[in-house]
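The following paragraphs lead through a protein model with a bound ligand. Please keep the sequence and the structure in view while reading.

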Amino acid sequence: MTPSRFTPPLSRFSFLWALILSCLALAACQGTEPSSTASPTPTVSPSSSLTSLANGDQAYGHVLALAEDIGSRPAGSDPERQAAQYISHHLATYGYQTQVQQFRLAYYVEQSPTLEVLGPAPPTLNPRPLRLSTGGEVTAELVPTGLGRPQDFPPEGLKGRIALIERGELSFSDKVTNATAAGAAAVVIYNNVEGSLRGDLQEESTIPALSLSQAEGRHLQALLEEGPLTVHLSAQSGQETRTSQNVIGRPPQDDCQVIVGAHYDSVAAGPGANDNASGSATLLEIARVLDLSGQEQGVCFVAFGAEEPGLFGSRHFVTTLTPQDQPSPRAMVNLDMVGVGSEWQLMGSPGLIEKIDQAAAALGLDPVPTSRHLSGDHLSFMDAGIPAILIHRFEDPRYHTESDRAEFVEPQLLEEAAKLTLLALAELASP
Ligand code: BES
Ligand code: ZN
């Protein structure tokens, strides 16, 4: 994408939306006018005709295609690429210029490490990798090292041995860094409360780092009190470099003043019908309606890849549109999880929330502020200084599970989301 495509041709964009807005205002005024002065001819507002074009069943067809026909779409996978092709094809059919923008990402796949005590009657251990642990194969003595503080290590250091550390006081990363500095070949951290332990490192370790449950850790501590233990540890790095892609649709010969975005990847665990085939489907429906009505100027569509492993697609996209000397898009609307739940919620830039509240009121909807902080692609834009808003529905009990299937997505909600966004686009065009 060339930076110059993001220069706003204000006049054309403003003209079209000013027309829509003035008609909205006219429609609103009609209800308050005394009947004697009311116009005898009903005024059809282009705005309401625009929203009436939005069709939930049409959008639902895309949910079926993405979540049922293609299925689970983890970042960097073949199904994710198929979904990108699907979206690109439809945007092209509606007359948009499309671009598939590739990028690389570090993807983490949880592996199953092993830890065996060598000797008679070894306990059964079910270690887990700490997220971002490197891989490796080590056979060495296991040494009890308290909480993993420097003062917990033997004075001679760890010298190729494996540190057994209890959870607590320090972060997992600090424990691993301390043990590495003391010469350890690997680290095993066990829980300080009942149950197994799932932990994250802040960056990839240089030695393998595994976790155990509290019971497993205590059992090893008891064995160590009886005498030295040699263990064999085997772990693989879960880090992979993958390629994903954003799909961009822009009106021919036009620029992106407002971006409508939605991520189309899913978690590996399920087909991601609500998270987020629902938002992607609604994006396509909005693109169709704007094309039909000839009012697509200034509005671009971006379907983001690789949101689930950490907003990779939107983070990449914003780096491609922040040339120092060009104005950026003035707003981004993120549609994420719009097909399930009992109420509309909004999160993001206060100015945009106000405008979307106005649009919602015109539709008889009453969105509330998002009830907890949600991470999503709108944050990539806000971090880059571009006002952005998340439109979503609360709450989905099947979030990130294998049951996030199309049968639970309500076409009527997709239609509401499309209408809300279409009206919001009109609001966003006003100063
Ligand atoms: N779609 C969700 C975010 C979301 C949740 C939007 C609920 C609307 C309602 C997104 O895909 C997600 O799962 N985000 C994660 C963080 C992400 C970086 C993995 C989250 O919010 O915890
Ligand atoms: Zn998600």
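The shell around ligand 1 comprises three nonpolar, four polar and four charged residues. This description rests on a predicted model. The residues that surround the ligand are His263, Asp275, Glu307, Glu308, Asp336, Met337, Leu374, Ser375, His392, Tyr399 and His400. The charged members are Asp275, Glu307, Glu308 and Asp336, and the nonpolar members are Met337, Leu374 and Tyr399.

Several of these side chains approach oxygen atoms of the ligand. In Glu307, a polar side-chain atom lies 2.7 Å from an oxygen atom of ligand 1. For Glu308, the distance between a side-chain N or O atom and a ligand oxygen is 2.9 Å, and for His263 a polar side-chain atom is found 3.2 Å from an oxygen of ligand 1. The ligand on its own would expose 510 Å², of which the protein buries 82%. The space that ligand 1 takes up is the largest pocket.

His263 also leads into the sheet, since strand β10 covers residues 258–263. Strand β10 pairs with strand β11, residues 299–304, in the parallel sense over six bridges. Within this pairing, Gly261 stands opposite Val302 of β11.

Both strands belong to an open sheet of eight strands with mixed pairing, ordered β1-β9-β11-β10-β12-β15-β13-β14. At its edges stand β1 (97–108) and β14 (368–369); each has a single partner strand, so one side of each is left without a neighbour in the sheet.

Terms used
Residues numbered from 1 in each chain as written. Chains lettered and ligands numbered in written order. Predicted model: local features only at pLDDT ≥ 70, side-chain atom pairs only at ≥ 80, totals over all residues. Heavy atoms only, no water. Near = heavy atom within 4 Å. Polar contact = N/O pair within 3.5 Å; in protein donor to acceptor, adjacent residues only side chain to side chain. Areas by Shrake-Rupley, 256 points an atom, 1.4 Å probe, with all protein chains shown as cover. 1 Å grid on protein atoms, 1.4 Å probe; cavity = no way out; pocket = protein on both sides within 12 Å on 5 of 7 lines; lining within 4 Å. Sits in = over half its atoms within 2 Å of the grid points. Pairing = 2+ DSSP bridges. Helix = DSSP H or I, 4+ residues; strand = E, 2+ residues; numbered from the N terminus.
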